[in-house]
Amino acid sequence: MGGQPLYLEPRLETRLRALLASPGLLHTLTDALGSPLNLVVPDQLADNVQRFRSVYGTHHLAGQVFLAHKATRSSALLRRLAATDAGVDVASLGELQHALGAGLTPDRITATGPKNPEFLWLAARTAVTVSLDTRGELEQLATLVRKHTLPRTRVLLRLSGFETSGVRVLSRRSRFGTGMGEVDPLLDTVERHADVIDLVGVAYHLDTTSLTEKATALEGCLRVLEECRSRGLRPRAVDVGGGFGVDYLADGGQWERYTTELTEAVLGTRPPLTYGGHGYGLRNEGGTLRGRLGLYPAHRPVAGARYLDELLSHPAVSLGGRPLAALLLEHLYDLHTEPGRALLDQCGLTLTRVLEVRDQDAGGPLLVRLAAKADDVALEEHGVLMDPVVVPREPAGAGPGTGTGTGTEPVAVHLFGSLCLESDLITRRTVFLPRRPEPGDLLAFANTAGYCMDFHATRAQHQPAARKVAAWQEGGAWRWCLDDQYWPTTPVGGAQ
Amino acid sequence: MRYDSITEAIGNTPLVRIDRAVHGLNNIDLYAKLELLNPFGSVKDRAAWNMARPHLAAMAEEGGQVVELSSGNTAKALAVLAGMHGLTFKSVTNRMRIPEIKDLLLLLGAEIEELPGQSECLDPTATDDPLTLFHRTLSEPGGTHLHTDQYFNPRNTEAHFTGTGPEIVKDLDGRAPDWFIACVGTAGSSTGVARALREHDPAVRVVGLVAAKSDFIPGIRTIDEAHEVGLFDPGTYDTIEAVSADDAIEGMLTLNRRCGILAGPTGGAAYFGAVRQLREADRELTQRQSAAFIVCDRVESYLSYVRRRRPDLFGSPRRRNSPADLPESAIRTAPAIGVTDAQAWIATGEPLVVDLRSPYAYAALHIDGSVNIVDELFEELLHGGLPFSRNRPVLLACPVGEKSARYAALLTRMGHPDVRSLTGGIIAWRDAGAPLVRD
């Protein structure tokens, strides 16, 4: 196999660990419902909401936690969310209908993103809060509310293009939101439509992992809110969007070792670690490494609720150096957050069946074909490198490998999808598994509920999209139902 | 010594022997090359001057900007050199993690641009990494940029090949040391010095030090980051070892406290790495050997860096009248008053209302007639004693009634007979519909 296996083991909390320790259940499910199969764990979502709430508590902040709906299509997760006190952020007509149908009341829904007239109408009709990107959208909403005599609509203004003094913090340009230079005419428009528009606050959402950029944006929002107040408007909230991240890996040491070896593989000082020598954005130019590692920082100890905590503790440089949380609190603003991936951390996994395990004539990694397409397990699409967990068909000790020495040693494999397409690779990297998988075994990809489960899945080549199952624990045993059969009343211990 | 320009003071730094009682090596003489004594404060003065010098005169005629990717010492030296020639300087970086250096650069007139963080919703097909964009702007037509390109510029290495390296040999009476230990940043000093020493004696053993991967040590790259440096060639080093931030600070403290060398963490890392490496060789030696390492820069710029990692080094004496000294029970039982009663009390005109929030928040909305003393300042005042007369009742207000309870308890303990905390704070006040004003 060449050297030590370079594992990237997934971080598993109690529920996912317990599920993976139930091979009988997982095989029964895939035998009945096919491969790939998505499993969601709704109760985990409620725990995650609680973690965010406790950060609010630490900083004495009020406000709402909105799940970014776009990260999952699951009905079970949304209905479980409805049974908590959290909200949802919807970005399409379909998502809004889904959220209303799942039991989320309009006071717990924010409508964001690109909007068509139908989406705007339903949002205004049901009195959800609308996050507006531009002055044009504000005019469009005001016209719609008047024309259809809808109730006065609560709006947030999404801002972008924040600037700093002293050090210029470069930030990727966003196609959403109104630039800081356009705020005055935007507020003029808000005032002009005061009879149909109720300004409740401002919002930003930056696609970055950088705390500094987000702190800059939050400071910018505070200045705009101050401008609103001086105009006599009464905003009361800042929506800081999402992007709190997930810590995918169990072991930071593995991640560091892997990325170092990947660098060396790109430089040619060790054997390749990827199919076809792919460099994940890195390349070798005359012995010097060029490019940028295009990977999600999969080991990320400060992620999710902890990231929010760090952001809130970050000093506001342009406003006297007080922590941002203290400023929000002192100005009497509520804090809204829109975590997607972070709220869905540990909320599900994707099961795939091994169809074929082939040795290469020339040696090298085993070729493993799965009953799933690359788009069914979209970890690679998000640059998340994480090993699947082997769930053997036969209980340990009873398999065909017993006593022969095969199937007990670590192996290097390439994982292929089931499409008739050269590029259908579940991942381009060489994956190390603690034992040789056999046809019929399952490979379980953990922590796929946020974006990696159904965001990219297609029905290409008439192959099935994964079915989805909701699972929960009851009296020490796992129970399950199809995702769209799940309601908070379904578990026997639930609210019957 | 008389100079016509400060740039003449670059180089010719002392080589100082470290006391054997400090490093404990019996058979090796260990020397520190004091690059911190360069005029702008670091080893980078040499490279910056050598890279910029050929172009500065011509640039000064037409005006323009010196540009470099640097988070520290190179930027500092280039900012000074650019200013001396009537030019501006811009540093583009994603590694500016030392606040003092950032402030110093701004003070020197530098412009700083920070590269954006990684995208949270990764687009694996994106090809425009920030550095590519940086190089693209430099090559835009009409630009008058001098990009010194320290990670790839051979004149960086040359400064040390012709300066630092030969100086060490000269000070060791014409002999190269048996060992040379250097931290790898741009790899300019380690590569240049190694080449000069080996030209003198091919048997010189060169140790490269990199930062442990999960750690951040200013001026030192991790092994992965070193591979991104054009001047870095692993073949330069007989061995490459990692140093942790804790080790670097330990080494720094030894140099600071026992050797009188006010080195920063980079020099500390070099000292620590040197002694660790040499200890083993020392045991087996039968004849005397010598070793040299580079002390890159000074400690003063890294106080916040050290404070974050080693708060114990800054243990300050406890001060009296601190809210932190109060037991939780005292805070829970602090005298307090609800919104409705507080309104009635204020209407009597008796209490002084003190709003503990920041001036920005106070300016936006506050209780009519209140005074603003931000909590940090209030705490400072209390160290000196009661700031109000005992016969003046006081109502303290903060956002949620938490800090005000703390200070009400403290003032009570200090002997104020009638101080109360506004229960639920300004938020409860607002939620009860009580009036807030702007002045």
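Student: How many residues of domain 1 of chain A are in contact with domain 2 of chain A?

Tutor: Keep in mind that we're looking at a predicted model. The assignment gives chain A a domain 1 made of 14-39 + 349-469 and a domain 2 made of 42-245 + 297-336, and their C-alpha centres lie 38 Å apart. On the domain 2 side, six residues take part in the contact; on the domain 1 side the number is 10.

Student: And how do the residues on that side of domain 1 divide into nonpolar, polar and charged?

Tutor: Take the side of domain 1 of chain A that touches domain 2 of chain A. Three of its residues are charged and one is polar, and the nonpolar ones number six.

Student: Moving on to the two chains, which element supplies the largest share of the side of chain A that touches chain B?

Tutor: The contact involves 42 residues of chain A and 34 of chain B. Several elements of chain A each give at least two residues to it, namely β7 (167-169), α9 (211-230), α10 (252-266), β12 (288-291) and α12 (324-330). By class, that side of chain A has 11 nonpolar, 20 polar and 11 charged residues. The largest share, five residues, belongs to α10(A).

Student: Which strands are at the edges of the open five-stranded sheet in chain B?

Tutor: Read the order across the sheet: β11-β15-β14-β12-β13, with parallel pairing. An edge strand pairs on one side only, and in chain B that picks out β11 (336-337) and β13 (371-372).

Student: What angle does helix α16 of chain B make with β15(B)?

Tutor: Helix α16 (residues 402-413) packs on that sheet, where it touches β11, β14 and β15 (419-422) of chain B. Comparing its direction with that of β15(B) gives about 175 degrees.

Student: Inside the sheet, which residue of β14(B) is the bridge partner of Asp355(B)?

Tutor: Strands β12 (residues 352-355) and β14 (residues 394-397) of chain B pair in the parallel sense, over four bridges. For Asp355(B), the partner in β14(B) is Ala397(B).

Student: How many residues are in the largest nonpolar core?

Tutor: Its best-connected members include Cys221(A), Leu396(B) and Ala397(B). Leu396(B) touches, among others, Val354(B), Tyr407(B), Ala408(B) and Leu422(B). Helix α9(A) gives the largest share of the core, eight residues. The full count for this core is 178 residues.

Student: Why is strand β7 of chain B described as largely enclosed by the rest of the structure?

Tutor: Look at both faces of the strand: Trp179(B), Ile181(B) and Cys183(B) point one way, Phe180(B) and Ala182(B) the other, and all are buried. That alternation fits the general rule, in which side chains of a regular strand alternate between the two faces of the sheet. β7 (residues 179-183) of chain B counts as largely enclosed because its buried residues are five of the five.

Student: Which residue of β8(B) stands opposite Ile181(B)?

Tutor: β7(B) runs parallel to β8 (residues 205-211) of chain B, and five bridges join them. A separate core of 90 residues includes Ala32(B), Ala79(B) and Tyr305(B), along with the residue you're after. Opposite Ile181(B) stands Val207(B).

Student: One last spot: is Leu78(B) buried or exposed?

Tutor: Leu78(B) lies in helix α3 (residues 73-84) of chain B. Beyond its sequence neighbours, its contacts include Ala48(B), Val66(B) and Phe89(B). The cut-off for burial is 20 or more other C-beta atoms within 10 Å. Leu78(B) has 32, so it is buried.

How values were computed: Residues are numbered from 1 along each chain as its sequence is written. Chains are lettered from A and ligands numbered from 1 in the order in which they are written. This is a predicted model: local features need pLDDT of at least 70, side-chain atom pairs count only at pLDDT 80 or more; totals for chains, interfaces and linings use all residues. Two strands pair if DSSP finds at least two bridges between them. Two residues are in contact if their C-beta atoms, placed from the backbone, lie within 7 Å. Axes are lines fitted to C-alpha atoms, for helices over the stretch in contact, and angles run from 0 to 180 degrees between N-to-C directions. Ala, Val, Leu, Ile, Met, Phe, Trp, Tyr, Cys and Pro count as nonpolar, Asp, Glu, Lys and Arg as charged, and the others, Gly among them, as polar. Domain bounds come from an automatic or database domain assignment. A nonpolar core is a set of buried Ala, Val, Leu, Ile, Met, Phe, Trp, Tyr and Cys residues joined through C-beta atoms within 7 Å. A residue is buried if 20 or more other C-beta atoms lie within 10 Å of its own, exposed if 12 or fewer, and partly exposed in between; C-beta atoms are placed from the backbone. Lists of a residue's contacts leave out its neighbours within four places in sequence.
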